[in-house]
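I sat down with this model to look up a few things about its sheets, cores and pockets. Here are my notes, in the order I took them.

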Amino acid sequence: MKNARIGDYLVEYGLLKPEQLEHVLQIQREARENGQDKQFGDIVVEQGYVSEINFAKALAAKLHVPYVDLATYEFDPETVRKIPEHVAKKYAVIAIQLQGKRLTVATDDPIDFEKLEDVKVLTGYDCNPVLATRSAIDKAIGKNYQMDTVSSVLDDVQALAGASDSDDDGSAERVESAPIVRLATTIVENSYRADATDIHIEPFASYTRIRIRVNGDLIELMNVSSQVHSALVTRLKIVSGMNIAEKRVPQDGRFTQVVDGKTLDVRVSSLPMVHGEKIVIRILAGDNIALRKITELGMSDYNYEKFASMIKCPNGVVLVTGPTGSGKTTTLYAALGEVAKPYVNVVTVEDPVEKRIDGINQCQINAKAGMTFAAALRSILRQDPDIVMIGEMRDSETAEIGIRAAITGHLVFSTLHTNDAASTITRLVDMGIPSYMVATSLIGVVAQRLVKVLCPKCRKPRYSDDEENKLMSIEEPVAIYEAVGCPECNNTGYKGRTAIHEIIHCTPAMSALIADGGNMEQISQLAKTQGTKLLRDNVSEKVMAGETTIDELVRVTYSV
C-alpha cells in the first residue's frame, strides 16, 4: 500500500467502503467538469463517511508524518510568533516547537513543499512539518494570535472614546469607524474560540461589561468604556437588521459571521436598561452540520438501550424535557438522524431553526406573520409527513395537534419545559389533553440536564463524607474528585459538558395508570419499579466515576 492513493488506503484499512469511494470520486469528477477544484479529503468529510480527525490520522499514517491534536497542545507564545500572523493565515500553518534552527509547524498538507519553502524564507528557520486538521489549525491560529488583536482593538477603541464627547450618541462616523467594527467582530470571534454559547454586553454608569457563557457559567471577557457603548450597540443593530432609531422597546435580529473558516449563525436580542441597551448574542452553528449520533449523547448503556427502543416505534410521541440550554434540541436532532432515511419524509417546525441539516425539511416559526406552531403544524400534516419534529409544545393547541398526529400514524418528537419525566405526563393532562389520548399516543419521556465534566489534568481525589453519601444514596465513603483549575481548562476545573438522563418508557402498565388519571407520585413510583433511573442516580454514577463533582449533582438535581 506504499504508493496507493489515499482513497484505496482508506478502503484497505476499513475506514471507507468501496461504493463510498466511488461516490466521492464521482463528486470530484463532476466538480472538475464544473471548473471547481475539490480536495478528496474535503469531500470525504463533507459526505460524513470519515470524520476530519480520522481522515487526518489516516493521511498522517500513509505519509509517515506525525499527527498532532492541536486541541490539547500547549503552545509556547514565543514559538508561535516565529511565524507572522498574516503568513500563518495565508498558508494555514502554525509553529508548535523550536529546536535550534529547526521549526516544527503544523499543516494540513505536509507535502506542499512550495508552501514550506516560503515559510522557511520568511522566518529563516528550517521547517519540519507535522499533520493536523484544517479546522484545528484555523482555531489555533485564532486563539494564539488573538491577544495581540484584542490589545490593539481595545487601544484603538479607548482612543476613539477619549476623542469623543461623552454625549455623542453613536453617529454614523463612529459606528462605521474601523475600531468599532473590529471590536464587534473581535467579541464574536473570541467568544466562539472560547466555546461560548452566549455573549452579554451590559451597560453600567461608568463602563460596559462584556461576559460570555462557557459551560453554563458567565465569565468576564473584557470591559470597555461606556462612551463607546452606544456606537457598539448601533453597529450590532445595523448588521443584525434592527431599527437603530428605536431604543425604547426590545428588538431581535440575526446575522452571520465567518470565524476560523466556520460560518456562524448569530442571534441578537436588545433590551432597554437604565444606562442604555443591553445586548445578548447567541452563537449557533450556521454551516450544514453532520447530525450527532445517539451514541454520542453521553447516555449510559442502560439509558441508551431504552431510548433506542423508543425511537424504533413507527408512530407515537417521544418527548424530551428540561430547562432552556439543557441540550434538548441536540437530542432531538440525534433521534431524527437515527430514524430519517431516504424513503422517509421528515418535517420539523422550530423557533428558531438552530441547526440547518441537509435532507430534513425545516420550517421556521414567524408569529408576526401568523406562522405559529399550531398553524404550521396544521399545514405540515397536509404535507404527507412520516416523522414530525415540533420544537416545543408551548400551548394546549400545539400539544393537542401533536398528540392527534401521533394517534393518526405519525412519529412525533417534541420538547416540553418540565422538571422531570413523571411531571411531563401530568403536564400534558393539565394542558387539556384527555388522559386516554396521552396514554394511547405517548411512547416515552426523556428528562435531561447538562453537567460540567471535570478537567482530567487537574482534578483532585478525596473521599466522600456522610452528607455526600446521603446525596448519592450510598452507605460507605467512595473516592470522588473535585475541581481545581489549570491552564488546560482556563482555571475553571471543568472542560466541556455531558448530559444526564431520566427515561420513562410507556409500558402497558404505565399507559393504564395514565388513562386512569394517575398522579405524578404514582407515575414516578411505577417508573422506578420498571427500572427508570432518576436524574440523581445518573449524575451520582458520573460523580463516582470521576467525571463530575458533588457540586454539579447538587446544582442540577437539588430539591427542597
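**Entry 1: a pair of strands**

I began with strand 7 and strand 8, which pair in the antiparallel sense over nine bridges. I kept in mind that this is a predicted model. Strand 7 covers 251–259 and strand 8 covers 262–273. Picking one position to look at, I found Q257 opposite L264 in strand 8. The hairpin of these two strands has two residues between them, and there D260 takes a positive phi near 50 degrees.

Next I followed strand 8 onward. A hairpin of two residues joins strand 8 to strand 9, and this pair is antiparallel too, over ten bridges. V268 has I281 of strand 9 as its bridge partner.

What is the bridge partner of I199 in strand 9? I looked it up, and I281 is the partner here as well. I199 belongs to the stretch 198–203, which is strand 4, and strand 4 pairs with strand 9 (residues 276–285) in the antiparallel sense over four bridges. A reminder to myself: strands of a sheet pair through backbone hydrogen bonds, either parallel or antiparallel.

**Entry 2: the sheet around them**

I then zoomed out. These strands sit in an open sheet of six, in the order 6-5-4-9-8-7, with antiparallel pairing. Its edge strands are strand 6 (217–225) and strand 7, each pairing on one side only. From one strand to the next, the twist averages 20 degrees.

Which strands does helix 10 touch? I found that helix 10 (residues 178–193) packs on the sheet and touches strand 4, strand 5 (207–214), strand 6, strand 7, strand 8 and strand 9. Its direction makes about 75 degrees with that of strand 7. I also noted helix 11 (residues 229–239), which lies across strand 4, strand 5, strand 6, strand 7 and strand 9 and runs at about 45 degrees to strand 9.

**Entry 3: the other sheet**

I moved on to an open sheet of seven strands with mixed pairing, in the order 12-11-13-14-10-15-18. Strand 12 (361–364) and strand 18 (494–505) are its edges, and each pairs on one side only. Neighbouring strands here are turned by 20 degrees against each other on average, direction ignored.

I checked one parallel pair in it: strand 10 (residues 316–321) and strand 15 (residues 442–454) are joined by five bridges. V318 stands opposite G444 in strand 15. Helix 14 (residues 373–380) packs on this sheet, touching strand 11 (346–350), strand 12 and strand 13 (387–390). The direction of helix 14 makes about 170 degrees with that of strand 11.

**Entry 4: the cores**

I asked which residues have the most contacts inside the largest nonpolar core. That core has 40 residues, and the ones with the most contacts are V349, I390, I425, L442, I504, I514 and I523. I took a closer look at I514: leaving out residues up to four places away in sequence, I514 touches I425, S435, V438, A439, C506 and I523. A second, separate core has 31 residues, among them I180, A196, A231 and V268. I had already met V268 as a bridge partner of I281.

**Entry 5: a pocket**

I opened the second largest pocket, which holds about 680 Å³ of space. There are 23 residues in the lining, and D252, D351, P352, Q364 and I365 are the closest to the pocket's centre. Strand 7, strand 8 and helix 14 each supply at least two lining residues. The largest share, four residues, comes from strand 7.

**Entry 6: two loop residues**

Is E392 buried or exposed? E392 is in the loop between strand 13 and helix 15 (396–407). I count E392 as buried because its relative accessible area is 18%, under the 20% cut-off. Apart from residues up to four places away in sequence, E392 touches F373, T398, S414, T415 and H417.

N490 is in another loop, between strand 17 (479–482) and strand 18. N490 counts as exposed because its relative accessibility is 62%, and the cut-off is over 50%. I also looked up its distance from A194: the two are 296 residues apart in sequence, yet 9.4 Å apart in space, C-alpha to C-alpha.

Notes. Residues numbered from 1 in each chain as written. Predicted model: local features only at pLDDT ≥ 70, side-chain atom pairs only at ≥ 80, totals over all residues. Heavy atoms only, no water. Pairing = 2+ DSSP bridges. Axes fitted to C-alpha atoms, helices over the stretch in contact; angles between N-to-C directions. Contact = heavy atoms within 4.5 Å. Core = buried A, V, L, I, M, F, W, Y, C linked by side-chain atoms within 4.5 Å. Buried < 20%, exposed > 50% of the residue type's maximum accessible area, 1.4 Å probe, protein only. 1 Å grid on protein atoms, 1.4 Å probe; cavity = no way out; pocket = protein on both sides within 12 Å on 5 of 7 lines; lining within 4 Å. Points joined across faces, edges and corners; volume = space filled by probe spheres on them.
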